[in-house]
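Colleague: Could you take a close look at one part of this model for me and then walk me outward from there? I would love a connected account rather than a list.

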Amino acid sequence: MLAIDDKDFGTPERKSDKLVTLEVDGCSVTVPEGTSVMRAAALADIAIPKLCASDSLEPFGSCRLCLIEIEGRNGVPASCTTVVEPAMKVRTQSERLAKLRRNVMELYMSDHPLDPFECKAGGKCELHEMARAVGLEHVRYNHGGRHHLALEIDDSNPYFSFDPTRCILCSRCIRACDERQGTFALTIDGRGFDSLMSPGQHQHYSESECVSCGACVQACPTDALMEKTLLEKGSAQRAVITTCGYCGVGCSFKAEVKGDEVVRMVPNKNGLPNHGHSCVKGRFAWGYATHQDRVRKPMIRKRITDPWQEVSWDEAINYAASELKRVQAKYGNGSLGGITSSRCTNEEAYLVQKLVRAGFGNNNVDTCARVCHSPTGYGLKTALGTPAGTQDFDSVLASDVIMVIGANPTEGHPVFASIMKRRLREGARLIVADPRRIELVRMPHVEADYFLQLKPGTNVALLNAMSQVIVTEGLANETFARERCEPREYKMWRDFIVQPRNAPEAAEQMTGVPAEAIRGAARLYAKGPNSAIYYGLGVTEHSQGSTAVLAMTNLAMVTGNLGRPGVGINPLRGQNNVQGSNDIGSFPHEFSGYRHVSDPQVRSAFEREWGVTLDAEPGLRIPNMFDAALDGSFQGLYIEGEDIAQSDPNSQHVAKALEAMEIVIVHDIFLNETAKYAHVFLPGSSFLEKNGTFTNAERRISMVRKVLPPLAGMEDWEVTCALSRAFGFPMNYSHPSEIMDELARLTPIFAGVSYEKLDRLGSIQWPCNDAAPEGTAVMHVGAFVRGKGRFMLTEYIPTDERTTPRYPLILTTGRVLTQYNVGTQTRRTKNVTWYAEDRLEIHPHDAEQRGIRDNDWVELSSRAGSILLRTELTERLQPGVVYTTFHYPETTANVVTTENSDWATNCPEYKVTAVQVLPTSRRPERRTAEHILHAAAGR
Ligand code: SF4
Ligand code: SF4
Ligand code: SF4
Ligand code: FES
């Protein structure tokens, strides 16, 4: 068990090669130049009383509690704002200092409610701790004078409250919002005695710009800002370090627990992806884990129209296994398959693919990354040799130019966005390429130098044109390109890229972005000197998703922006373990570590370890599984933690395919949309209920630790083992660490990974092996993983999806901060306060032409189907483009998306669908899985 609180050193660490030695209370201390006296003292275990200082914020010097005496100087300076000097002699304790500090504390306490020595924070409030530390025993001033004790509590945020009577105006919350989060939502309102900390201009939290990241709550030294769960449940008794179960940033958290209940999730200060920061999802939206909708008992049914029957684990597992065996005997080995989850752990995904390859005897395993980042894998592996992002997150702090393309970090990857915003505030330049005006284009203290508002589906044309500018204007890094890349391919690519069809003027016709803006952005990127690309699904989910990834690698290679901090090509991965589920071998053509199933050496290593003969042929991808189900040859599917009926394209096609199968096993925490078509439902365990690892977007493997017992009694890896045993392929592990050991034995990039090392180091970025025993932050240093980098020809081919008079608009899709993916988790939290339904964003011009107003119900139809939504009129989009999210099953946005997909990987083209939008008097039916279940059960 961990200590709940970390030591706070008062001011942030300073990095310098120059060291300074000073004396604090007679102790000699040596620290880097620029360090504060407060931090130097703390490093020598000398605690100076403090209130407004914290080592996660720049010093401010407002509370006057941290006073010190310095030999040879008059006065009592604040130790938090005083920087160390050589041979300085500091005294932190004296009669004079003690009296001054007691007087300061007494004044704070005199304007604090009721019993000044009790607080709501359960004895953990710094104010009271400091009162004790300075020896304040009573307050001489009564409450008869002017005070702030009648102010009202702001309860408007669903997760925390602000009690201004307990505020000491230390500004820690304001600095946390500015420096850590970069939202600038808080201020000190008024002057002198009337000053108050306030969200916005005298607003409630809910009316302000606040995005509920929780940084201010964490920073508050009193109980003025407090989590409501802490107020309701009381203080925690223990803490467990684990990893957020939401997005690919993979923030590290301390789960604080009381009995068998989580009291709060606090971002881990020592967490390397997040350095103690969080977003609203990981920090507050964990209530779904104990939501009443969680399925706690396994269930079976013969037909999908029958009501579910609750059964024991044994009965469910045996039924599922016998059905799989029956189908296999009837239709052959190739008739079964499995889908691994990017929400489950590496170990769990590994077991599912092992069950398919070794148990079912084929390679029919795929994962939800098929529908998001499979082009990343293909493109980066082809050009560089490794299908993963090239940098660690902190690398962005060394970037001079940041290009964000097809990603919306402030909504999708908020904690990484905060690191990026910090670098932008420090002066890095910004290029944003997106069909939609995302928040980063202009926000407090951040403004893009170039906003390239391209038409959906034209990324490749834009990227090619940028490369042409670089080559034709002599901005290429010829030394890098010639020394580090294949010369023949480089020459071929140069010949290709200078063709007139790749000129900015030609691109202007295709993308809608002015040629001059393309030129300007290209010059900025080329001149860096350190330029980094960050991208998301707006690049990959296209018919040319893989081409666009290759076009970005061309751009980075021709400018030499690879192989050092501050540069690189970085996919922002959507789900918590999308990187990991790919790494461990979830694709039908690859074993773990991205090695092809046809490679006899690799295959024989797995055959030796698993004791079976393995198929050398790649198996079916998800869309091929659906096609095979419809032609009758694919009849059994085990789906772990993935709602394919809602998240895969062309939902009607998916539904028909699922209906056609004889045995569908859904293993999930909720009865999702896919469960409508299932014969067996195996209740899953949430991230709080199991041990394992997740791998985030920077290749960082982090521990997921069991905080609570699994609600349904079994962790997911135990369920897959049981199913495999019952099917006839025994799997015997006593702990997920043994699964990781097996993965490490079989996979060169994980060769040095173990739970012992993960516990010791906190986290590890792969590759981790003899050459890099503690992992690898930046890849391709000195040479590419494949040897020489490979320039690829990236001809722009417009998508087949075209607008017509019948479907004159282009629909593109995305996410919002407060919801996650298909919303299964976040819809079961108070996050619905901010986003209770998917909306259709439409430009006022397009709306007016159709007689549509803000908030009207409209029918959105495409060649594939139609859905009903309400509108939001906005100029974030250009006329001709509409946008929606897909967080709610009522919307089923994937009903309208088409079957077009990336040429190399089948990743669906979610980002481009020709649609029409018309007013309607119809209203959507509520189509949640629960509704379907009840209907099916005749209730
Ligand atoms: S919760 Fe986050 S965004 Fe909101 S005011 Fe606090 S620090 Fe700022
Ligand atoms: S709310 Fe807390 S952190 Fe903010 S100024 Fe008041 S006491 Fe300081
Ligand atoms: S940024 Fe992602 S990983 Fe971090 S707290 Fe938010 S959802 Fe969790
Ligand atoms: S802690 Fe130094 S002035 Fe407040």
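Which residue stands opposite I665 in strand 26?

Modeller: Happy to! Bear in mind that this is a predicted model. The residue you are after is Y638, which stands opposite I665 of strand 26. The two strands concerned are strand 25, residues 636-640, and strand 26; they run parallel and are joined by 5 bridges. Strand 26 also has a partner in strand 27, residues 680-683, and this pairing is again parallel, with 4 bridges. There, H667 has L682 of strand 27 as its bridge partner.

Now for strand 26 itself, which spans residues 663-668 and is mostly covered, with 6 of its 6 residues buried. I663, I665 and H667 point one way, while V664, V666 and D668 point the other way. Both sets are buried, so neither direction leads to an exposed side chain, given that buried means under 20% relative accessible area and exposed means over 50%.

From strand 27 we can follow the chain a little further. The loop between strand 27 and strand 28 (692-695) holds K690, and helix 9 (residues 346-360) holds E348. K690 and E348 form a salt bridge, with their closest N and O atoms 3.0 Å apart. The two residues are 342 residues apart in sequence, so the pair ties together distant stretches of numbering. K690 is buried, and E348 is buried as well.

E698 and R700 make another salt bridge, and here the N to O distance is 2.6 Å. E698 counts as buried because its relative accessibility is 1%, and R700 is buried too, with a relative accessible area of 6%. Elsewhere, E473, E505, E516, R519 and R523 are joined into one network by salt bridges that share partners. Across the whole structure, the search finds 55 salt bridges.

One more of these pairs takes us to another part of the chain. R172 and E126 form a salt bridge, their closest N and O atoms being 2.9 Å apart. R172 belongs to helix 4 (residues 172-181) and E126 to helix 3 (residues 126-133), so that the pair links distant parts of the chain, 46 residues apart. R172 counts as buried because its relative accessibility is 2%; E126, at 18%, counts as buried as well.

Helix 4 also contains I174, which is buried with a relative accessible area of 10%. Leaving out residues up to four places away in sequence, I174 touches L186, T187, I188 and M197. The C-alpha atoms of I174 and C216 are separated by 6.9 Å, although the two residues are 42 residues apart along the chain.

That brings us to the ligands. Around ligand 2 there are 13 residues, of which C167, I168, C170, C173 and C220 come nearest. The shell of ligand 2 has 10 nonpolar, 2 polar and 1 charged residues. Ligand 3 is surrounded by C244, Y246, C247, V249, G250, C251, F253, C279, K281, G282, P414 and V415. By class, the ligand 3 shell has 9 nonpolar, 2 polar and 1 charged residues. Helix 7 (280-284) and helix 12 (414-425) each supply at least two residues of the ligand 3 shell.

Helix 12 leads on to the nonpolar packing. The largest nonpolar core has 68 residues, and Y205, L225, I402 and M420 touch the most other members. Helix 12 gives the most to this core, with 5 residues. For I402, leaving aside neighbours within four places in sequence, the contacts are V396, M420, R423, L424, A428, R429, L430, I431, A532 and Y534. Apart from this core lies another, of 59 residues, with A321, A388, L723 and W766 among them.

Let me finish with H780, which sits in the loop between strand 30 (763-765) and strand 31 (809-814). Despite its place in a loop, H780 counts as buried because its relative accessibility is 4%. Not counting residues up to four places away in sequence, H780 touches L384, T386, T390, R484, G563 and V785.

Notes
Residues are numbered from 1 along each chain as its sequence is written. Chains are lettered from A and ligands numbered from 1 in the order in which they are written. This is a predicted model: local features need pLDDT of at least 70, side-chain atom pairs count only at pLDDT 80 or more; totals for chains, interfaces and linings use all residues. Side-chain values use heavy atoms; hydrogens and water are left out. A residue is near a molecule or strand if one of its heavy atoms lies within 4 Å of it. Ala, Val, Leu, Ile, Met, Phe, Trp, Tyr, Cys and Pro count as nonpolar, Asp, Glu, Lys and Arg as charged, and the others, Gly among them, as polar. A nonpolar core is a set of buried Ala, Val, Leu, Ile, Met, Phe, Trp, Tyr and Cys residues joined through side-chain atoms within 4.5 Å. Buried means under 20% relative accessible area, exposed over 50%, partly exposed in between (1.4 Å probe, protein chains only). Contact means heavy atoms within 4.5 Å. Two strands pair if DSSP finds at least two bridges between them. A salt bridge is a side-chain nitrogen of Lys or Arg within 4 Å of a carboxyl oxygen of Asp or Glu.
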